[in-house]
Every structure is written in C-alpha cells, then in structure tokens.
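Let's take a friendly walk through a protein model, going from its overall layout down to the way individual helices meet. Have a look at the picture before reading on.

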Amino acid sequence: MLNFEFHNPTRIIFGKDRLARMDSHVPADATVLITYGGGSAIRSGLIDKVKVILGNRKVYEFGGIEPNPRYETLMKAVEVVRKEKIDFIIAVGGGSVIDGTKFITLAAYYEGDTRDLLKHGFRPITSEIVGKVVPLGTVLTLPATGSEMNSGAVISYGDGKFPVMSPLTFPKFSILDPTITYTLPKIQVANGIIDTFVHITEQYLTYPVNGIVQDRLAEGLLLTLIEIAEATMAEPENYDARANLVWSATLALNGLIGAGVPQDWATHMIGHELTVKFGIDHGQTLAIVLPALLDVRREQKRAKLLQYAERIWKIESDHEDEKIYLAIQKTREFFESLGVKTRLSEHGVTENQIADVVEQLKAHGMVALSETQDLTPEISQKILEKAM
Ligand code: NZQ
Ligand code: ZN
C-alpha cells in the first residue's frame, strides 16, 4: 500500500426529510446565497423549501449555473457575493452547481485575476493563495460526481475544462436525501451510474499495491452499482435502490477508496475534451472512453483486469486474454443496458475529427496521463480510434 494522508471534514446528512437539519449548520446571522442550475430545483419546489428553513436569515439567490459550469457565469455570482457581503453559500444541484459554487467561494475574495485559479491543475489552492473563502453547504440533487464530499471542481473556460482543487472547498455539510433525486430524467440517472462506476475503476484498475482494503471497498461499490442499476433506472421511486446509488456515488469520490493506491484519471481527461468538442454529457463520454482505454492499456493493467474479471463479472476461463476481453465486453454491455451509447460514431463523430481531440489534449497539457504517466497523445489517439 502506498503512503497517504486522508482528511475529509464534510458532514453528511443522509436520508428522507432531512432538509431542515440545515438550520443547525448555517450560522443564524449569516447572509446566505442559494445557488442553483437551470430551474429543476425551482420547479420541484426545493428552493422554496430551503428558503423556508433559512427563516429570518437574509437570503439571495443565483440561478442559471449551466451543466459544465462556465467561468463567466460564475463570475456574475462572485459579484453578488462581494456586493451583498454573502457569508454562506448553499449549492442546490448536481455536480455542476456544486463545482461552480466551489469556484465562487474561492474567487470571492481573490485579489488577482480570477482566471489564474484555473491554472493550478491538480495542485491544491491554499489560503495563502486566495485568502478568505466563503463557506458552502450543499443539497445534492444528482448522484454522480461525488462533489458533495470532495474538494474538487471542474470549471469550463474557453475551449477547456479545468480541474480546480482546494482543501478550502470541502462543503461544511451536504444533505443527501435520495427522494430529491426522484425527479431526475432517466438519462441523468444513467449518467450518474456511469460516472460513479468510472470514478471507482479509475482508482482500482491500475496496478496492484496490496491495497486489499481499497480493492475490497472498490469492488463492493462496483457490485452495488451492478446490483441496483436496473431497479433504480426502472423504478425511480424505489427508495432503497436510489439510496444505495446516492451513497455509492459519494463514497466513490470522497478520497477514501483512492487513498494509498495508484490512480488513473485518463478516461476523465480524454472525456472532458469530448464534452468540450462535441457537447456529450460528462457521464456519456466516460462510457465511450473507458472500454476503449481498458482495451488499449490491457498490458499495463493486466493483473487488475484479471482480478476485475474474476471478482466483478465472475468470469471463469483458463485463458487470461479471453477473461480480459470478456470483462471489457461486460463493462460495455453494462453501460449499454442503461441506454447509453458507447461508441463515438453513434454520437455522429467521424474518424477525421479524432486528430482535433488529440490536439486539444496537447493544448491542455494532457500529454502524460495514467497511473504511470506514460499515456502519450499517440496512445490517446489509439484509444479514440478504438472508441469509434
Ligand atoms: O440545471 P438544472 O435545471 O438543475 O438541471 C440539471 C442539469 O440539466 C439536471 N438535474 C439535476 N438534478 C435534478 C435535475 N433534473 C431533475 N431533477 C433533479 N433532481 O441534470 C442536469 C445535469 O446536471 P449536472 O450538475 O451538470 O450533472 P452532474 O452532477 O453529472 O455534474 C457534471 C459536472 O461535474 C463535473 C463534470 O465535469 C461536469 O462539469 N465533475 C465534477 C467532479 C468533482 N467535483 O469531483 C468529478 C466528476 O468526475 C466530474 O468531472
Ligand atoms: Zn466524473
């Protein structure tokens, strides 16, 4: 097992009818900004409920944070925070609203050019860099990203999606009420299952370091997803199935299963470029890239792929290559069973557009990806060709 430090200060408030618990965790004299997305949280009545719970606190609202939140939109919220002297922000939404709100809290009192905050990549932004930040809490409406219990965000600017990491942006609390997710369109539930699945494989399908605990945690989460996927897709109001999806999504990316093991975020980094270039939803880009990446990287990942084949898909065969082939096939079939396409061509992308994607990867510095940092643009090109 590799060395690690693990710290996660986010309070999780999980279950039905827990929204009112927010009152205990937002300072009574706070001036609050509620952030939300394109309107689903208004239509469901969730924003009104949050306002009632906040009672006599002074409350402002900022809506319109789009999927793959954009820098320009978020800077409009930063203006509100500065002007109204906001001292607590509650993000009501999925990964985009929560990520966007994390950026707002970092940018609020930053004295330099706030675009600089997009240049740190995976290096954490500390209080020495930004000074004061505004604390945030979240009400999660879409189980997928894990943003509700981690310190990362992904912000879109120009033709790129930029990771922003900071220990200052762990939410103070996150309310996870599975019933709030009942209004999700089917495709967003599928996106969430796939995003969660791929977060797990990116911390599991690397090379062995005898992280038995981490492997078993990851396998438990993967098996849970496979067990509940059909039910939570077919019966959105099946509480137990949905509750298990919500908790899996949070645990997949709150730092726990990735502590002490190698990580490979190449599927995400290549996927981000597909979102930027073709507008494909985050989760769906992963369903396209992962099977192709596992195929191209089967030698580097051989030992873990065999473990994955045996323990997750129960594949028995005397031939290692066949086991790996079948495990990748099962992964693709699982994504397709959720109604998601796993080929670039099915999204109307043509072979001659691949070179542009590879150029984007280079322009964004994504030239040494994977757990061994030897995944070059040429290998990304092979992966994208396999994904056609
Ligand atoms: O905007 P509204 O009207 O609210 O509609 C949203 C949006 O259109 C809708 N929605 C959300 N909750 C709903 C609902 N509709 C009905 N009922 C509800 N309860 O769903 C749509 C998608 O929302 P979005 O927040 O964009 O989805 P998701 O949670 O998948 O977030 C994707 C973003 O997270 C980033 C991605 O790159 C992408 O920008 N990621 C963040 C990560 C992190 N912070 O750790 C890691 C992830 O890998 C990911 O990269
Ligand atoms: Zn993701």
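In this predicted model, the centres of domain 1 and domain 2 are separated by 27 Å, taken over C-alpha atoms. The domain assignment of the protein chain places domain 1 at residues 11-180 and domain 2 at residues 186-386.

Where do the two domains meet? On one side, 16 residues of domain 1 take part, and they are in contact with 24 residues of domain 2. Try finding two strands on the side of domain 1 that touches domain 2: β1 (11-14) and β7 (160-165) each supply at least two of its residues. If you sort the residues of that side by character, you get eight nonpolar, five polar and three charged.

Now for an annotation. The UniProt record, an unreviewed entry, has the feature "domain: Fe-containing alcohol dehydrogenase-like C-terminal" at residues 190-378. Over residues 190-378, the chain is 63% helix and 0% strand. The C-alpha atoms at the two ends of this stretch lie 31 Å apart.

Next, let's look at two pairs of packed helices. Their geometry is set out here.

| Helix pair | Residues | Angle | Distance between axes |
|---|---|---|---|
| α12 and α13 | 302-311 and 320-337 | about 65 degrees | 9 Å |
| α14 and α15 | 354-363 and 377-386 | about 145 degrees | 10 Å |

How do α12 and α13 lie relative to each other? With an angle of about 65 degrees between them, α12 is roughly perpendicular to α13. The crossing of these two helices is left-handed. To see the contact itself, look for Leu305, Leu306, Tyr308 and Ala309 on α12, which meet Glu320, Lys323, Ile324, Leu326 and Ala327 on α13. Seven of the residues in this contact are nonpolar and two are charged, with no polar ones.

What about the crossing of α14 and α15: left-handed or right-handed? The crossing of α14 and α15 is right-handed. Here α14 brings Ile354, Val357, Val358, Leu361 and Lys362 to the contact, while α15 brings Pro377, Ser380, Gln381, Leu384 and Glu385. Sorted in the familiar way, the residues of the contact of α14 with α15 come out as six nonpolar, two polar and two charged.

Methods:
Residues numbered from 1 in each chain as written. Chains lettered and ligands numbered in written order. Predicted model: local features only at pLDDT ≥ 70, side-chain atom pairs only at ≥ 80, totals over all residues. Domains from an automatic or database assignment. Contact = placed C-beta atoms within 7 Å. Helix = DSSP H or I, 4+ residues; strand = E, 2+ residues; numbered from the N terminus. Nonpolar A, V, L, I, M, F, W, Y, C, P; charged D, E, K, R; others polar. Axes fitted to C-alpha atoms, helices over the stretch in contact; angles between N-to-C directions. Parallel < 35°, antiparallel > 145°, perpendicular 65-115°, else oblique. Left-handed = near helix turned anticlockwise from the far one by under 90°. UniProt positions renumbered as here; feature names shortened; annotations may be inferred.
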